[in-house]
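The exercises below go through a structure step by step. Each begins with a task and ends with a worked solution.

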There are 2 protein chains.
Amino acid sequence: MDYYSKQITKLIEQFSRLPGIGPKSAQRLAFHLIHMPKEQVQELASVMVEARENVRYCSQCYTLTDQEVCPICSNAARDHKTIMVVENTRDLAAYEKTGKYEGVYHVLHGAISPMLGIGPGDIKLKELMERLQGDVNEVIIATNSSLEGETTAMYISKLIKPTGIKVSRIASGVPVGGDLEYIDEVTLLRALEGRTEI
Amino acid sequence: MDYYSKQITKLIEQFSRLPGIGPKSAQRLAFHLIHMPKEQVQELASVMVEARENVRYCSQCYTLTDQEVCPICSNAARDHKTIMVVENTRDLAAYEKTGKYEGVYHVLHGAISPMLGIGPGDIKLKELMERLQGDVNEVIIATNSSLEGETTAMYISKLIKPTGIKVSRIASGVPVGGDLEYIDEVTLLRALEGRTEI
């Protein structure tokens, strides 16, 4: 890529390493950046560095936060006896957006996957078990409805059962507004198995 | 977005201001960044700031470069008497990728658009006319085949004609590999008008 100056080429290379950014988008981003006001570029750069420097795991639920204890765990109004287990911070955010869940979370940062060589020791499972030494009423397993998510759910459930703490799994089924015609068979069977009386 | 820490929220906001990056991509980018090694984040940030600080216009052709004179203009092996006029540096790069053009360029940084209030004074047209005081054989107008590009081409052509310098326009027509069935009527008519004997 001789036709761009070295610094533009370097910028395009850097951008194209980011997920979901192909060579064309990287080029567009680079040229956009070069036309942005200097102060805005500096701000973007420093927000990036600062976020990377300061964001760490919450010492209780292991979500990503810039404090020792995240805002959810430090909120006394939440039900600290109900723990929802999720795979990552984005899944936590998805449930927070509903605005209806009042318990706290535990973020695993992954799911068990024999295929990818990710075992129980590679996710924040030991940390979950430690939390259960405290006063906990229920653990809601909200890992994804994928093979890895289900495997992880089963594993956690078996681990917790002996402690006598209630373990539940979020329901699988037809998404609200979903048209049966377009739903895969596995989901349809799950929805049937999980039917409730009305 | 209370469910993320302040710094993650700020990062997502910054990313979603970039072109072609929606809220979901911004979120994915932010989390990717937080999991990147610190040194890589610092490098990305400094490449961004440096590129913005150092990239400027080539004093001859006005392409974006980090030198006083860009590598193409300072290459003695190129034909400096043939100038291809393009709208921006990406268009220059597109022609450079063909590897077949041996002349130099002139980057307008825009096209005349009465709709957007961009007049001849808003693009590097005065600078082009100054270059034509030198020894120039031909000006090839390679602005886009859009309304603005065509308007700009016509305008430049009229401006240059009196100087006696040859002015040409790149051909419009059916793209190579293009299926006539899917080509718009305007392009088909252009292709017909521009037919050449074989």
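**Exercise 1: a strand pair and its crossover**

Work out how strand 5 (residues 138-141) and strand 6 (residues 166-169) of chain B are joined.

Solution. Strand 5 and strand 6 of chain B pair in the parallel sense, over four bridges. Pairing requires at least two DSSP bridges between two strands; strands are DSSP runs of E with at least two residues, helices runs of H or I with at least four, both numbered from the N terminus. Within this pair, B:V139 is opposite B:V167 of strand 6. Between the two strands of chain B the chain passes through helix 6 (residues 147-160), a right-handed β-α-β crossover (clockwise from the first strand over the helix to the second, with the strands pointing away from the viewer).

The model is predicted: local features need pLDDT of at least 70 and side-chain atom pairs pLDDT 80 or more, while totals for chains, interfaces and linings use all residues. Residues are numbered from 1 along each chain as its sequence is written, chains are lettered from A and ligands numbered from 1 in the order written, and side-chain values use heavy atoms, without hydrogens and water.

**Exercise 2: the sheet**

Establish the strand order of the open sheet in chain B and identify its edges.

Solution. Strand 3 (residues 79-86) pairs with strand 4 of chain B in the parallel sense over five bridges, with B:I83 bridged to B:V104. The open sheet has four strands in the order 4-3-5-6, with parallel pairing. Strand 4 (103-107) and strand 6 of chain B each have a single partner strand, so one side of each has no neighbour in the sheet. From one strand to the next, the twist averages 25°.

**Exercise 3: helices on the sheet**

Which strands do helix 4 (residues 89-98) and helix 6 of chain B lie across?

Solution. Helix 4 of chain B lies across strand 3 and strand 4, at about 160° to strand 4. Helix 6 of chain B lies across strand 3, strand 5 and strand 6, at about 170° to strand 6. Contact means heavy atoms within 4.5 Å; axes are lines fitted to C-alpha atoms, for helices over the stretch in contact, and angles run from 0 to 180 degrees between N-to-C directions.

**Exercise 4: the two chains**

What operation lays chain B on chain A?

Solution. A turn of 180° with a shift of 0.0 Å along the axis gives an RMSD of 0.1 Å (least squares on C-alpha atoms of residues with pLDDT of at least 70 in both copies). This is the relation of a two-fold axis. In chain B, B:A45 comes closest to the axis, with its C-alpha at 2.3 Å. The copies meet through the same surface, because 100% of the interface residues of chain B are also interface residues in chain A.
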